[in-house]
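Work through the exercises below with the sequence and the 3D view open. Each task is followed by a stepwise solution.

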Amino acid sequence: MVQPNDVVNVLSFFDEWTRCIGSGFQKDSLYRFGRFDGCYAQWKDIRIAMKAKAISDSNEAKTLLETTHYHKNLGSNDPKTSPTAGVIWDLKDVPGWYEDV
């Protein structure tokens, strides 16, 4: 049985891929790294999402989605996974807003 969209939403991975191939993202990639991004990780994520969508067990599908580039690098609120950490700005051990004034 196909997984419902609340378990596996293939469109979110497609949106991430289209964002990657867009001119704004490519301009940022050229500025940050000196090269265009091939968006291979996002394309691989679409393939993983399609595979997870076809799996009948929802827990297995969720486990498969945890292996995606999006989940590991962009899907969390952890600043350490920011694509600009260490490239544009230095990541601090303790952010400035936590320091006592």
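Buried means under 20% relative accessible area. The model is predicted.

**Exercise 1.** State what share of the chain is buried, and give the accessible surface.

Solution. Step 1: apply the cut-off to the 101 residues in the chain; buried residues make up 24%. Step 2: take the surface. The accessible surface comes to about 7500 Å². Carbon and sulfur atoms hold 55% of that area.

**Exercise 2.** List the secondary structure elements in order from the N terminus.

Solution. Step 1: count. There are five helices and zero strands. Step 2: read along the chain. The order is α-α-α-α-α.

**Exercise 3.** Classify the packing of α1 against α2.

Solution. Step 1: locate the helices. α1 covers residues 10–21 and α2 covers residues 23–33. Step 2: take the geometry. The axes lie 4 Å apart, at an angle of about 60°. Step 3: classify. The two helices are therefore oblique to each other. Step 4: find the contacts. Arg19, Cys20 and Ile21 of α1 meet Ser23, Phe25 and Gln26 of α2. By class, that is three nonpolar, two polar and one charged residues.

**Exercise 4.** Do the same for α3 and α4.

Solution. Step 1: α3 spans residues 40–54, and α4 spans residues 58–65. Step 2: their axes come within 8 Å and cross at roughly 170°. Step 3: angles over 145 degrees count as roughly antiparallel, so α3 is roughly antiparallel to α4. Step 4: Ile48, Ala49, Lys51 and Ala52 in α3 touch Ala61, Leu64 and Leu65 in α4. The contact has six nonpolar, no polar and one charged residues.

Notes. Residues numbered from 1 in each chain as written. Predicted model: local features only at pLDDT ≥ 70, side-chain atom pairs only at ≥ 80, totals over all residues. Heavy atoms only, no water. Axes fitted to C-alpha atoms, helices over the stretch in contact; angles between N-to-C directions. Parallel < 35°, antiparallel > 145°, perpendicular 65-115°, else oblique. Contact = heavy atoms within 4.5 Å. Nonpolar A, V, L, I, M, F, W, Y, C, P; charged D, E, K, R; others polar. Buried < 20%, exposed > 50% of the residue type's maximum accessible area, 1.4 Å probe, protein only. Areas by Shrake-Rupley, 256 points an atom, 1.4 Å probe, with all protein chains shown as cover.
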